[in-house]
Amino acid sequence: MNTVSKAYLGGSRVMKFLKLLAVISGPGILVMVADNDAGGITTYTATGAKFGYGLIWFLVLLGPIAYFVQEMTVRLGAVTKRGHAEAIFDAFGSFWGWFSFFDLSLTNWLTLVSEFIGMTAGLRIFGIPGWLTVTIVVVFMGAMILQGSYWTWEKIALVFCLINIIYVPAAFLVNPPWETVIRTGIIPHLPGGLTGTMIFFLMANVGTTIAPWMVFFQQSAVVDKGLKQKDILWGQIDTAVGSFLTVVVAIFCVVVTGATLPGVNIQSAAEAALALMPINHFAGAMMAIGLFDAGLLGAICISLSSSWAIGEVFGWAHSLNNKVREAPWFYAYYFFLLISAGILVLIPGAPLVTMTLFVQVVATTLLPAALVFLILLLNNEELMGKKYKNTTLQNVINFAIVISLIVLSTGYSLTTLFPNLFGQ
Amino acid sequence: MRMRDESFTDFFQAVREINAKYKTPRIKMTPMVNASLVMLRFYLIGMVLLLAYKFATLVIR
């Protein structure tokens, strides 16, 4: 049962609704919740500690931005039945195809390293050594894809999306002044004015909203799931629910550190969890579990996004429905990425901090290309047909979003290279 | 060693086939598409130059 339409057969209304819910929830929710990966959680906890609840309104704005970009991948995937890597090769030729492929591979691998850093740091709080975390993650993620069904893989991944909501009860545990949260959080303002630090944090939050892997992942997932043109509406609902969840998690993350660690300079989410332990042990533990889960979700999606891309480009079998003997290179590449990133994190003295900073800069070289190609493809009537190409309104919104994303992500990347660019 | 040579040959053959398959971009080169691709090239050149500058300053220090 691959499509929504097939699920809508027989049974009572409640059963129909539940079946539909089970079928539609997938790539959109996964990609959006996984967007709150280890790096994202670190950004939110740092934002909450630095500015309290003052930037919650800004996080709310990021939800629709993520939705509008990712929704385009649903239409493109469902109509063309091609992943983003293959679509770029086909439409723009081998130069842009190879550029996108190699840049995606490098960015994804570096991001995967940062996810392992987050996962090992999260579980180290509970006394679990890094090597054990890496081993467990590699074995678990390996088992997840080797079971031979996209459907099962997706549903297991969705369970980890549910765990990501752990920041909601964590926020209630620290008992924040809800009236103040709502009052200061909803009204748009910039606490302390438009300082260099504020600009940096705004750019960092935007930088975590859309990453290149998200575009490639969702389009490939839509194809692997077998969504058809008639399922596009459900894919859009799935993406909308996902963008709502990602904002909810981000807001509650900010509330936790805004309430408990005001004015503290947070360098990592693990540091925030540790600092929270003496204040509220359970909330601190939840932060650590959430960090591990965020890293795991990121790793699940990012490694798969790279494997799908290499399969698309080289024309190898690349579906999670394939057995290992049917798609050996797809699975081999997946394990190569996973194991190499995991091992690197365990090497004493490896330049991990430099790598995590470098990942943002490399991602910024790919993000504009991925987004511009997305819009150009969505405007191609020959490819999309009149019905599914971008409307004028969609173009106005998407152009505004893409230009803003490019400017702010580039600014964030430049700040990483030249820290005093916007002053302090 | 021979097997390794063969797999490398296969790999480069695959790359050549991909290059041949996607030699001509399929998208219609409208002014918007052309302008976007030119801007992307300039953007990338700018980013690479900045990265090179940063690397050079780090090495000199």
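A:N175 is exposed, with 11 other C-beta atoms within 10 Å. Keep in mind that this is a predicted model. So where does A:N175 sit in chain A? Look in the loop between helix 9 (167-173) and helix 10 (178-186) of chain A. Its backbone is worth a glance too: A:N175 has a positive phi of about 50°, and it isn't a glycine. As background, most residues other than glycine have a negative phi.

A:K81 is another non-glycine residue with a positive phi, this one about 60°. You'll find A:K81 in the loop between helix 5 (56-80) and helix 6 (84-124) of chain A. Is A:K81 exposed or partly exposed? A:K81 counts as partly exposed, because it has 15 C-beta neighbours inside 10 Å, and that label covers counts between the 12 or fewer of an exposed residue and the 20 or more of a buried one.

Here are the two residues again:

| Residue | Phi | C-beta atoms within 10 Å |
|---|---|---|
| A:K81 | about 60° | 15 C-beta neighbours, partly exposed |
| A:N175 | about 50° | 11 other C-beta atoms, exposed |

Now for the place where the chains meet. How many residues does each chain bring to the contact? Chain A puts in 19 residues and chain B puts in 19 residues. On the side of chain B that touches chain A, the elements giving two or more residues are helix 1 (2-21) and helix 2 (31-60) of chain B. Helix 2 of chain B has the largest share of that side, with 9 residues. As for chemistry, the residues on this side of chain B split into 12 nonpolar, 3 polar and 4 charged.

Conventions:
Residues numbered from 1 in each chain as written. Chains lettered and ligands numbered in written order. Predicted model: local features only at pLDDT ≥ 70, side-chain atom pairs only at ≥ 80, totals over all residues. Helix = DSSP H or I, 4+ residues; strand = E, 2+ residues; numbered from the N terminus. Contact = placed C-beta atoms within 7 Å. Nonpolar A, V, L, I, M, F, W, Y, C, P; charged D, E, K, R; others polar.
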